[in-house]
2 protein chains.
Amino acid sequence: MDEDTAKVFFQPSGRRGKVPKGTTIVEASRLLGVGIEALCGGHHVCGKCKVRIENGRIQEYDIDSKPENAGPWQAIESEHITPAERAAGFRLGCIATVRQDLSIDVPEESRPGKQVISKAARPIRIDHDPAVKTYCLKLPEATLVDPTGDFERLSRALEATYALTGLSIDFFALRSLGGALRDGKWEVTVSVWMDREIIRVRPGKAGPNYGLAVDIGTTTIAGYLCDLDTMEVVETASMMNPQIQYGEDVISRINYCFNDPEGLQRMSDSVVDGLNTLIEQAVSEAARHTGRRIRPADIEDVAVCGNTCMQHLLLQLDPEPLGSAPFTPANHSGLNIKARDLGLRVNPSANVYILPNIAGFVGGDNVGVILVEEPQKSDDTVLIVDIGTNGELVIGNRERMVCSTCSCATGPALEGAQIAFGMRAAPGAIERVKISPETHEVDYKVVGRDAWLSYSEPEEMRTRGICGSAVLDALAEMFKAGIVAGSGAFNPEIETERLRKNPDTEQKEFVLAWTAETAIGKDVVITQNDIRQIQLAKAAIYTGCKLMLRRMNLQRADRIKIAGAFGNHIDIPLALMLGVFPDCPPEHVSSIGNAAGDGCRAALLDRKKRQEADRIARRVEYVELTLMDDFQQNLIDAIHIPHMTDEFPHLKKKTKAAYKKGGL
Amino acid sequence: MDEDTAKVFFQPSGRRGKVPKGTTIVEASRLLGVGIEALCGGHHVCGKCKVRIENGRIQEYDIDSKPENAGPWQAIESEHITPAERAAGFRLGCIATVRQDLSIDVPEESRPGKQVISKAARPIRIDHDPAVKTYCLKLPEATLVDPTGDFERLSRALEATYALTGLSIDFFALRSLGGALRDGKWEVTVSVWMDREIIRVRPGKAGPNYGLAVDIGTTTIAGYLCDLDTMEVVETASMMNPQIQYGEDVISRINYCFNDPEGLQRMSDSVVDGLNTLIEQAVSEAARHTGRRIRPADIEDVAVCGNTCMQHLLLQLDPEPLGSAPFTPANHSGLNIKARDLGLRVNPSANVYILPNIAGFVGGDNVGVILVEEPQKSDDTVLIVDIGTNGELVIGNRERMVCSTCSCATGPALEGAQIAFGMRAAPGAIERVKISPETHEVDYKVVGRDAWLSYSEPEEMRTRGICGSAVLDALAEMFKAGIVAGSGAFNPEIETERLRKNPDTEQKEFVLAWTAETAIGKDVVITQNDIRQIQLAKAAIYTGCKLMLRRMNLQRADRIKIAGAFGNHIDIPLALMLGVFPDCPPEHVSSIGNAAGDGCRAALLDRKKRQEADRIARRVEYVELTLMDDFQQNLIDAIHIPHMTDEFPHLKKKTKAAYKKGGL
């Protein structure tokens with residue numbers, strides 16, 4: 001073995017290789033193509049580059065990782081790393097160096113390009129018909145003449161006053177029944193689930209009860225804490241899905257379960273812990289914002305949606321069959337599971353409703369989208385594209401509905417996570433870009449500063465990277481300016497010092513921001529590989545949409561709706577021009593935000609939506625796109641920008657100049 | 001304070017007083033009327049008299065208990081007490097002495113007179129219709145053409161093959177579904193509860209499944225492990241109810257809950273732990289007896305009965321309302337509770353069925369008795385007397401059914417637990433007695449020896465006490481021999497050295513066995529107080545029966561059935577003569593054993609019995625006897641032996657001599 005290099009293994013990405021001894025861990029991560037967030041550019045000030053040195057042997061790669069292999073602890077690290085973290089092996093990646101072999105865990109928060117999206121709730125049109133309703137009543141006191149037992153006494157009164165018959169009572173609710181009746185002097189507030197089961201009895205006239213709708217995305221979890229009486233969203237909370245430590249996408253999480261017998265349990269525990277944290281967060285934020293004191297026991301109903309795999313992992317259902325043909329889920333129909341069986345810290349008698357799955361890769365989140373968008377009630381044909389970590393597609397109308405998934409993870413590229421200088425929407429992140437077709441000069445705007453570069457001194461910009469909203473922007477501008485050809489390749493005929501070959505990677509790249517404008521001490525660039533990633537993602541979406549339209553025997557959809565975080569910052573005409581979506585008048589294309597979460601909230605607050613969800617899951621046809629004969633050819637064709645001009649009558653005029661410049 | 005005496009406080013009986021310093025703890029217990037089992041008579045050999053010295057202050061009685069107050073540890077104690085027990089404060093009561101104040105806990109196993117009754121199962125006539133049934137089926141394998149999810153695929157097949165529709169699946173069963181289908185190559189054995197819920201899926205053609213019927217008595221728990229397919233009782237297991245440490249009877253356990261906020265949880269945990277031990281025991285005994293390897297997961301159904309209080313304590317329902325008027329239970333109807341919610345170590349998806357309660361003191365055990373005896377289907381009027389720790393009464397016929405409870409705990413006296421020399425049916429326990437009306441000499445037989453005293457040398461008897469089956473025997477013989485008058489008082493005119501006054505207690509007593517015949521170094525006697533206890537118990541039963549008959553407007557019942565352990569060793573004509581039961585031709589009086597357990601087994605194996613149980617619980621009228629105007633007078637009248645001769649036409653001839661001798 002070369003005595004001047006050491007082996008480094010990065011988790012969870014699995015990237016590994018040899019780097020020169022003495023390299024900092026941040027540098028090593030760049031060399032091996034792993035992202036570590038280092039907003040300060042290695043100046044030891046931002047503390048974002050925390051990593052954990054593993055202590056132990058990686059048999060497979062003959063790596064013997066020890067904390068001391070990362071060099072001695074330095075005082076400045078204590079400013080960012082707590083003693084407990086230090087004991088657990090944490091170091092700053094910009095200070096710790098590779099002295100001998102290392103296995104390094106890059107925690108989620110130290111990875112660049114992730115965005116915690118505030119999935120705010122939008123108004124939805126539903127009936128107020130929550131699954132859990134409360135009834136206040138006063139019972140005749142038990143006497144020797146009428147010593148009827150508590151439960152039967154309550155049932156009798158519920159029937160007499162509210163015509164509720166044949167109710168059962170949850171075991172845990174029964175335990176508190178006697179105390180509530182006597183504490184309330186025979187006046188109680190009863191929570192009844194689905195007119196079927198008494199799940200809570202509180203003494204006297206009790207305050208409001210709450211419900212929680214949760215959308216578990218592969219990357220982000222969003223929760224809506226709602227007042228079940230007023231339907232008001234009392235608090236919105238979101239967090240990263242903590243399962244990310246076991247794999248960034250669905251497939252890697254399925255593999256993790258497959259390879260580790262404890263894997264499923266561990267991932268289930270981690271998301272349940274995450275949900276419990278989210279609940280605490282929502283409750284304490286609600287107290288801060290509204291002064292409401294909500295106890296976990298006051299959360300009496302929960303509705304959950306996620307893609308099929310996320311739902312499986314939450315419920316600890318083996319996801320392995322989802323990972324290979326025929327991609328069969330454990331269940332389609334919606335489920336009701338006691339909160340205590342799931343380990344959720346809400347009312348233990350609450351029934352957690354899990355939205356139904358359509359297919360192995362089209363889950364409750366898509367059912368949620370359909371629940372609020374209701375293509376099944378529309379005469380127009382609506383195409384819904386949900387771009388989360390994966391891309392899911394639904395097309396349909398009153399007559400027929402078809403769904404499928406994009407052939408690759410689309411979100412990470414389009415949101416900047418797989419882009420060399422991709423970062424979250426934090427100060428210094430480029431969020432808008434303009435490129436002059438004449439001079440090829442770049443103007444841009446960063447998060448946290450109102451003035452564009454052209455109205456600023458370079459050193460005022462303090463640019464750090466590119467965030468999701470600028471990714472398509474940058475590509476479109478490069479394309480319109482002729483810097484990138486329709487094929488996605490950099491145009492070699494363009495003469496500008498911004499287009500150059502990186503001496504280390506031998507890759508072409510285009511400079512968006514010069515070092516002088518940045519806070520990271522280097523140029524911020526878009527690489528040829530970045531462009532390929534974006535092209536692949538948009539081609540996957542386009543091909544999916546096109547094949548779905550063909551399945552419906554249609555040339556085009558009447559409307560396109562873009563769900564998911566990506567939709568929030570997309571420039572629709574630009575996306576159409578780049579061929580992300582099939583042709584459609586831009587005024588018929590709209591962004592609908594986190595429609596999955598909205599649908600989940602609809603199911604929480606209007607129980608008729610739950611029956612509708614089961615009907616939807618049964619009715620929507622699933623198509624496996626990759627099995628279609630000409631899928632590959634379509635995908636390859638769609639890589640081009642814009643690949644078939646005839647399909648874009650609406651854009652022809654607009655982009656004429658661009659086509660010309662682009663060399664098409 | 002007298003320097004020669006020390007204060008002693010016994011738990012759980014609550015007896016306390018002063019004893020001379022230097023007294024052994026066993027002696028102290030005798031002085032204060034507390035029972036400690038000491039089969040060897042204090043010869044330091046049996047090790048039965050283990051007690052625990054408490055370390056701490058009993059504020060209320062100004063007792064400062066310390067381990068050293070019981071004198072130094074002696075080597076011989078190590079033969080019976082483990083180091084762990086020693087560390088917990090255990091001593092032998094025949095060795096440890098009272099040096100200073102002591103608070104002493106007498107563990108259940110050191111208390112005399114408890115009998116673990118083998119509640120053997122008798123044949124019952126029911127349909128084979130268990131709540132849990134298994135179905136074996138082969139499913140079409142999932143393919144890309146038919147990728148329907150596992151649960152829906154299974155549901156479809158169950159409907160096609162067995163016409164089962166609309167099934168749900170237990171969450172835990174769903175977790176194992178995917179694995180079972182694939183391990184079994186799409187052939188599975190499915191357990192379905194009540195044609196409603198899939199609770200287990202096993203790969204391939206799987207072996208038998210099992211059910212457990214449990215009768216939780218105040219003193220004894222009996223379990224029947226049954227093959228759900230053949231209805232066969234595979235194993236019977238019984239144990240003491242571990243809640244005895246918190247109180248011997250229902251009222252003291254209710255008080256324990258009332259006085260200690262943790263009390264209910266503790267008692268619930270203790271009976272659940274007990275049931276889990278019982279299950280382990282049944283499973284391992286079944287393996288030994290039948291070679292069957294039954295895993296806890298194979299127990300897929302459980303039915304439980306007990307008196308209302310025992311059912312409340314098991315379910316952790318506050319029993320406090322049961323302890324005072326109007327004695328309202330938490331529920332009447334039968335309940336189905338997931339085994340995992342109860343903490344029972346059987347299949348976690350099993351639904352534990354709890355029999356319905358009739359009233360605060362007439363519970364599921366009585367419903368069980370009615371289920372198998374079916375008075376509601378009889379033209380004759382049947383009186384059922386269930387003598388466990390408490391006595392419960394049911395009288396009825398096709399037209400009407402009434403139930404009630406005896407006014408005091410009846411079992412302990414009649415089974416010997418409250419008798420001075422009462423002991424369990426272990427070797428040396430007197431089990432049959434005869435007394436000559438002429439000489440007043442006693443002949444008897446002990447457990448473990450075939451020959452009666454009259455055919456033995458005195459020292460061969462090794463007598464130790466009196467067990468349950470001899471209690472009524474002894475009283476009847478003393479009565480017939482004129483030693484005891486109809487009032488229950490010893491006849492002072494009888495001349496025999498066996499009848500004497502105890503110099504310590506100033507109480508009269510009759511010697512059944514002389515010291516020479518015993519292994520305990522002292523005479524075995526029946527005291528005047530013993531007779532009073534027996535009289536009170538039989539008067540309570542008699543009065544209850546009589547008032548119930550009056551409620552039915554009847555002079556007598558057509559049949560009397562005696563349920564419970566007591567019935568197993570009762571001499572029916574003798575009991576009638578002593579006035580335990582109202583008059584009835586002896587051939588119409590029968591013992592039906594643990595009918596509650598049989599009824600519970602019926603509900604386990606024939607689910608129609610569960611609906612019937614709810615109908616019974618709703619239909620049977622409950623009467624609170626103590627509220628009847630002339631209850632007290634009736635009770636006093638019934639104290640006499642036999643109290644109203646005219647009511648016993650059947651016995652007149654038989655007992656003529658006895659009456660005469662008895663001085664009536």
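**Strands, buried elements and two-fold arrangement in a predicted two-chain model**

In chain A, three strands form an open sheet in the order β22-β21-β23, with mixed pairing. Its edge strands are β22 (442-446) and β23 (465-466) of chain A, each of which pairs on one side only. The model described here is predicted. Strand β21 (residues 429-435) of chain A runs parallel to β23(A), and two bridges join them. One pairing sets A429(A) against its bridge partner G465(A) in β23(A). Helix α12 (residues 468-480) of chain A packs on this sheet. Helix α12 of chain A touches β21 and β23 of chain A, and its direction makes about 15° with that of β21(A).

A second set of strands in chain A centres on β20. Strand β19 (residues 391-396) of chain A is joined to β20(A) by five bridges, and the two run antiparallel. Together, β19(A) and β20(A) make a hairpin, with four residues between them. Within this pairing, E392(A) stands opposite T405(A) of β20(A). Strand β29 (residues 621-622) of chain A also pairs with β20(A), here in the parallel sense and over two bridges. In that pairing, C403(A) of β20(A) lies opposite Y622(A) of β29(A). Strands of a sheet pair through backbone hydrogen bonds, either parallel or antiparallel.

How is β20 of chain A placed relative to the rest of the structure? Strand β20 (residues 401-405) of chain A is largely enclosed by it, because five of its five residues are buried. M401(A), C403(A) and T405(A) point one way from the strand. V402(A) and S404(A) point the other way, and all of these residues are buried. In a regular strand the side chains alternate between the two faces of the sheet.

Burial also marks two sites in chain B. Helix α9 (residues 364-373) of chain B is mostly covered, with 10 of its 10 residues buried. Among them are the charged residues D365(B) and E373(B), together with V367(B), I370(B) and L371(B). Just after α9(B), E374(B) adopts a positive phi of about 50°. Elsewhere in chain B, N594(B) sits in the loop between β28 (589-593) and α16 (595-605). N594(B) counts as buried because its relative accessibility is 9%, below the 20% cut-off. The side chain of N594(B) makes a polar contact with the side chain of D215(B), at 3.3 Å.

The two chains were then compared. A turn of 179° and a shift of 0.1 Å along the axis lay chain A on chain B, with an RMSD of 0.4 Å. The two copies are therefore related as by a two-fold rotation axis. D341(A) comes closest to this axis among the residues of chain A, its C-alpha being at 4.4 Å. Both copies use the same surface: 100% of the contact residues of chain A recur in chain B.

Confidence was assessed for the complex and for chain A. The predictor assigns the complex an ipTM of 0.79 and a pTM of 0.80. For chain A the mean pLDDT is 88, and 93% of its residues reach 70 or more. Two stretches of chain A call for caution. Over residues 113-119 of chain A, pLDDT stays under 50, and the model has 32 contacts beyond four places in sequence for them. Over residues 643-664 of chain A, pLDDT also stays under 50, with 49 such contacts in the model. Where pLDDT is low, the predicted coordinates should not be read in detail.

Key
Residues are numbered from 1 along each chain as its sequence is written. Chains are lettered from A and ligands numbered from 1 in the order in which they are written. This is a predicted model: local features need pLDDT of at least 70, side-chain atom pairs count only at pLDDT 80 or more; totals for chains, interfaces and linings use all residues. Side-chain values use heavy atoms; hydrogens and water are left out. Two strands pair if DSSP finds at least two bridges between them. Contact means heavy atoms within 4.5 Å. Axes are lines fitted to C-alpha atoms, for helices over the stretch in contact, and angles run from 0 to 180 degrees between N-to-C directions. pLDDT is the predictor's confidence in each residue, from 0 to 100. Buried means under 20% relative accessible area, exposed over 50%, partly exposed in between (1.4 Å probe, protein chains only). A polar contact is a pair of N or O atoms within 3.5 Å; within protein, one must be able to donate a hydrogen and the other to accept it, and residues adjacent in sequence count only if both atoms are side-chain atoms. Copies are superposed by least squares on the C-alpha atoms of residues with pLDDT of at least 70 in both.
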